[in-house]
Amino acid sequence: HSVGAPSRLTFQDYPGNSGQSAAIYGKLAHMNAKKAGPKTAKNAKKKRCILILHGPNLNLLGQREPGIYGHETLTDINASLASQAKAASVELIAFQSNHEGDLVDRIQAARNEGVAFIVLNPGGYTHTSIALRDALAAVAIPFVEVHLSNIHAREPFRRHSYFSDIAAGVICGLGSHGYRLALDFALNRIR
């Protein structure tokens, strides 16, 4: 793997994901351990990790209401974030689901995986999901809430978030750039 080469893209399934795959960008810790032996294996386990969690309908980015959500696809956003994380030598796990229970399961799994920070776009669950809020509170992993659109300039029901008051920060209305700003904040917090 040469310097400047693109991040390796692999897929990780975990129990309860109902067929959804979590894309992991960068080298997996266990892959590093196999290649380099015990000394690296010990260091690989300490590698910092950030979870990017995308809620419902974000799989349709680039197609769904581009005037509101932009033209970039979720794959484009994840690739940009992967490059940013790789430059900081941080493992990035990106996961999207349209199912609330899968998102709750993913948040709970993050604690056991040593995830240090979460960047969360809860999508439509922003305004409805006490279950996601409770999962975030239970794992006590700091997170930034991200929204592509300015939820405060939209319909009244979109202006309430179940997450903002427990988030380390909230970024909304900056399009996909908001994800990059949130990741930059997360990278600085875990250093």
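**Exercise 1. Place phenylalanine 185 and find its ring partner.**

Step 1. Phenylalanine 185 is partly exposed, because its relative accessibility is 33%. The classes are: buried under 20% relative accessible area, exposed over 50%, partly exposed in between (1.4 Å probe, protein chains only).

Step 2. The structure holds one aromatic pair. Phenylalanine 117 and phenylalanine 185 form this pair, edge-to-face, with 6.0 Å centre to centre and 70° between the planes. Rings of Phe, Tyr and Trp (its six-membered ring) pair if their centres lie within 6.5 Å; planes under 30 degrees apart are stacked, over 60 edge-to-face, and the rest tilted.

Step 3. The pair links distant parts of the chain: phenylalanine 117 sits in strand β5 (residues 117-121), phenylalanine 185 in helix α7, 68 residues apart. Helices (H or I, at least four residues) and strands (E, at least two) are DSSP runs, numbered from the N terminus.

Step 4. Phenylalanine 117 counts as buried, because its relative accessibility is 1%.

**Exercise 2. Decide how far to trust the model.**

Step 1. This is a predicted model: local features need pLDDT of at least 70, side-chain atom pairs count only at pLDDT 80 or more, and totals for chains, interfaces and linings use all residues. Residues are numbered from 1 along each chain as its sequence is written, and side-chain values use heavy atoms, with hydrogens and water left out.

Step 2. The mean pLDDT of the protein chain is 79, and 73% of its residues reach 70 or more. Over residues 1-45 the pLDDT is below 50, yet this stretch has 67 contacts in the model beyond near neighbours in sequence. pLDDT is the predictor's confidence in each residue, from 0 to 100. A contact means heavy atoms within 4.5 Å.

Step 3. Where pLDDT is low, the predicted coordinates should not be read in detail.

**Exercise 3. Describe the surroundings of serine 176.**

Step 1. Serine 176 lies in the loop between β7 (169-172) and α7 (177-190).

Step 2. Serine 176 is buried, because its relative accessible area is 12%.

Step 3. The serine 176 side chain makes a polar contact with the side chain of arginine 180, at 3.5 Å. Such a contact is a pair of N or O atoms within 3.5 Å; within protein, one must be able to donate a hydrogen and the other to accept it, and residues adjacent in sequence count only if both atoms are side-chain atoms.

Step 4. Leaving out residues up to four places away in sequence, serine 176 touches Glu72, Ile77 and Leu148.

**Exercise 4. Which residues does arginine 133 contact, leaving aside its neighbours within four places in sequence?**

Step 1. Start with the element: arginine 133 lies in helix α6 (residues 130-139). Arginine 133 is partly exposed, at 22% relative accessibility.

Step 2. The contacts are Tyr162, Phe163, Asp165 and Ile166.

Step 3. Check one partner. Arginine 133 and tyrosine 162 are 29 residues apart in sequence, and 6.4 Å apart in space, C-alpha to C-alpha.

**Exercise 5. Count the disulfides and classify two cysteines.**

Step 1. A disulfide is a pair of cysteine sulfur atoms within 2.5 Å. By this rule the count is zero.

Step 2. Cysteine 49 is buried, with a relative accessible area of 3%. Cysteine 172 is partly exposed, at 22%.

**Exercise 6. Summarise the fold.**

Step 1. The protein chain has seven helices and seven strands. Their order is β-β-α-α-β-α-α-β-α-β-α-β-β-α.

Step 2. Of its 191 residues, 45% count as buried.
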